[in-house]
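Hi,

Here is the structure I promised to pass on. Have a look at it first, then read my notes below.

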Amino acid sequence: MLKLWGRLTSNRTQKVLWTLAEIGLDFELIPASAQMGPGGHVAKGNTPFGVVDTPEYRAMNPNGRIPTIDDDGYVLWESNAICRYLVMRYAPEQLYGNDVRTFASATRWQDFENNELLPPQHDLVMELVRLPPQQRSPEKLAAARTAFNKRLQIVEEQLGRTRYMVGERFTFGDIPIGIRVHRWVLLEQHRPALPNIERWYAEIVQRPAFQRYTADPANHVEG
Ligand SMILES: N[C@@H](CCC(=O)N[C@@H](CS)C(=O)NCC(=O)O)C(=O)O
């Protein structure tokens, strides 16, 4: 059975969990993290799950980060690479219509999420939830908000042109953007009106695979 090292509260692990749920593949989740544990973030004095600093784990993933998978002896790290591997191996028709251009367009949204949306949202999560209040900075929070909202406008425009991130069908390109938008909805009280994203999000949240691991607010706003 496929093994996945990670944690439910990790947004990169979430990408893999949602993809596995779409495919319907059985797997074993092994809790692992240097930063978070069952009680929350180490910045608040919690004990982390660990595992990632052991020689065995480092031999699989020299970064000591999560997620990592072992699929029948094939070890892979980097969350987006894992998702690409999983969809190519197990669900090409289902998650990109087995079409090379649809595949490339979906990877474009993976890269956009990783490079443009994730860094400001990471700062938002730290400033709103994870850091102890005395370590938070209003300036950093404001800068993260501005940067995130600006990039989200690009998603809004895309969803004004197509029903999903890549055309008229759900693809694996919707997964990373869906995680980012879900976190934003859960975390941010004052959001600008983005009607195309709202329409798309209302559809996304109804997917059973989204409900399986990603929907639960405890996996996103837990401090
Ligand atoms: N580019 C890597 C980044 C991996 C990464 O930074 N993962 C975070 C969790 S989202 C992590 O390992 N944090 C430290 C920890 O939990 O120990 C990927 O996408 O897999």
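An oxygen atom of the ligand sits 2.6 Å from a polar backbone atom of alanine 34. Keep in mind that this is a predicted model, so treat every distance here as computed from it.

Two side chains make polar contacts with the ligand as well. For serine 79, an N or O atom of the side chain is 2.7 Å from a ligand oxygen. For arginine 12, the distance from a side-chain N or O atom to an oxygen of the ligand is 3.2 Å. How much of the ligand does the protein bury? Taken alone, the ligand exposes 510 Å², and the protein buries 89% of that. The space that the ligand takes up is the largest pocket.

Now for the whole shell. Besides the three residues above, the residues around the ligand include Arg7, Ser10, Ser33, Gln35, Arg65, Ile66, Pro67 and Glu78. Sorted by class, the shell has three nonpolar, four polar and four charged residues.

A couple of those shell residues have backbones worth a click. The peptide bond from isoleucine 66 to proline 67 is cis, and its omega is near 5°. You'll find proline 67 in the loop between α2 and β5, where β5 covers 68-71. Then there's glutamate 78: its phi is near 85°, which is a positive value in a residue other than glycine. Glutamate 78 is in the loop that runs between β6 (74-77) and α3 (79-90).

One last stop is glycine 50, in the loop between β4 (40-41) and α2 (55-60). Which residues does glycine 50 touch, leaving aside its neighbours within four places in sequence? They are Ala32 and Ser33, and Ser33 is also one of the residues around the ligand. If you want a distance to try in the viewer, pick the C-alpha atoms of glycine 50 and glycine 64: these residues are 14 apart along the chain, and the atoms are separated by 9.9 Å.

Cheers

How values were computed:
Residues numbered from 1 in each chain as written. Predicted model: local features only at pLDDT ≥ 70, side-chain atom pairs only at ≥ 80, totals over all residues. Heavy atoms only, no water. Near = heavy atom within 4 Å. Polar contact = N/O pair within 3.5 Å; in protein donor to acceptor, adjacent residues only side chain to side chain. Areas by Shrake-Rupley, 256 points an atom, 1.4 Å probe, with all protein chains shown as cover. 1 Å grid on protein atoms, 1.4 Å probe; cavity = no way out; pocket = protein on both sides within 12 Å on 5 of 7 lines; lining within 4 Å. Sits in = over half its atoms within 2 Å of the grid points. Nonpolar A, V, L, I, M, F, W, Y, C, P; charged D, E, K, R; others polar. Helix = DSSP H or I, 4+ residues; strand = E, 2+ residues; numbered from the N terminus. Contact = heavy atoms within 4.5 Å.
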